[in-house]
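Here are a few exercises to work through with the structure open on your screen. Try each one yourself before reading the solution.

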Amino acid sequence: MKKDFINVKDNIIEFINRQKKLTAIILVVIVLVIISLFMVVPKVQANIRASEIKSLVNQENLSKKANYLDPKTADKEISKKTAMTVLFSVPSGRTYGNVMNVLKDSELMKDFNRSIYLYPMVYDVEKIEQKYKIKKNEVAIVFFENGKEKNRISIDENFDTKKMLIPSLNQLSLSSIVEPSATSNSTTSTTSEPATSESEQMLDQSVEADSVAQ
């Protein structure tokens, strides 16, 4: 009886130890699965987003001067480029469609003197709105210089895109050209003042000489 009792006891202890080991292995596996999900899921989501943007790009036959930004690197490109024109918009709606019709028209785009990049607001819309002060219900075109906004235009349904879009785009970058001319004018005006004062002194001296001679 004692031997049977001891055998039963040993069996129970052995069973418990096996269960502990099995439980520990299961817990380790669960932890590894959770960690891998945290690492893999964001990458999968990013790839899905990129593929969806690519499918959107393939649907739009844009002219050579218009290109889509990769959502993974869009912010870095904007910050590093010396000069860049970017269109922010949710890729839907009448206004967006009107703009896209112009960007697809190679004849109209011939008059555009730069390139334009499209930043489709599909994911992280609130983040894009806050970062670039954009409203998702509008089509905004922003000109950046060294990563900083220099000028922008907002387009609505009343905007005649076919006639006015290209001229408006060409004028976006002019704000940075106008400022130096104003500086040069001020420099010219300041340098001309000493010349005037010198001529007045010479006149005064000649008048004094004439009075002495008389």
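**Exercise 1.** Are phenylalanine 88 and tyrosine 132 buried or exposed?

*Solution.* Keep in mind that this is a predicted model. Start with the cut-off: a residue counts as buried when its relative accessible area is under 20%. Tyrosine 132 has a relative accessible area of 8%, so this residue is buried. Phenylalanine 88 is buried as well.

**Exercise 2.** Describe how the rings of phenylalanine 88 and tyrosine 132 are arranged, and say which parts of the chain they tie together.

*Solution.* A pair of aromatic rings is described by the distance of the centres and the angle of the planes. For phenylalanine 88 and tyrosine 132, the centres are 4.9 Å apart and the planes make 35°. Planes under 30 degrees apart would count as stacked and over 60 as edge-to-face, so this pair is tilted. Next, place the two residues: phenylalanine 88 belongs to strand S2 and tyrosine 132 to helix H5 (residues 125-132), so the pair ties together parts that are 44 residues apart in sequence.

**Exercise 3.** Work out how tyrosine 119 is placed relative to tyrosine 132.

*Solution.* Begin with the geometry: the ring centres of tyrosine 119 and tyrosine 132 are 6.1 Å apart with 65° between the planes, an edge-to-face pair. Tyrosine 119 sits in strand S3 and tyrosine 132 in helix H5, so this pair ties together parts that are 13 residues apart in sequence. Now check the accessibility: with a value of 7%, tyrosine 119 counts as buried. Finally, widen the view: ring pairs link Phe88, Tyr119, Tyr132 and Phe144 into a cluster. Look also for lysine 131, whose charged end sits over the ring of tyrosine 132, 5.7 Å from its centre.

**Exercise 4.** In what order do the strands lie in the sheet, and why do S1 and S5 each have one side without a neighbour?

*Solution.* Trace the 5 strands across the open sheet, and you read S1-S3-S2-S4-S5, with mixed pairing. Strand S1 (66-68) and strand S5 (148-155) are the edge strands, each with a single partner, so one side of each has no neighbour in the sheet. From one strand to the next, the twist averages 25°. For one pairing in detail, take strand S2 (residues 83-89) and strand S4 (residues 139-145): they run antiparallel and are joined by 6 bridges. Threonine 85 stands opposite phenylalanine 143 in S4.

**Exercise 5.** Which strands does helix H6 lie across?

*Solution.* Helix H6 (residues 161-172) lies across S2, S3, S4 and S5. Its direction is at about 170° to S5.

Technical notes: Residues numbered from 1 in each chain as written. Predicted model: local features only at pLDDT ≥ 70, side-chain atom pairs only at ≥ 80, totals over all residues. Heavy atoms only, no water. Pairing = 2+ DSSP bridges. Helix = DSSP H or I, 4+ residues; strand = E, 2+ residues; numbered from the N terminus. Axes fitted to C-alpha atoms, helices over the stretch in contact; angles between N-to-C directions. Contact = heavy atoms within 4.5 Å. Phe/Tyr/Trp six-rings, centres within 6.5 Å; stacked < 30°, edge-to-face > 60°. Buried < 20%, exposed > 50% of the residue type's maximum accessible area, 1.4 Å probe, protein only. Lys NZ or Arg CZ within 6 Å of the ring centre and 35° of its normal.
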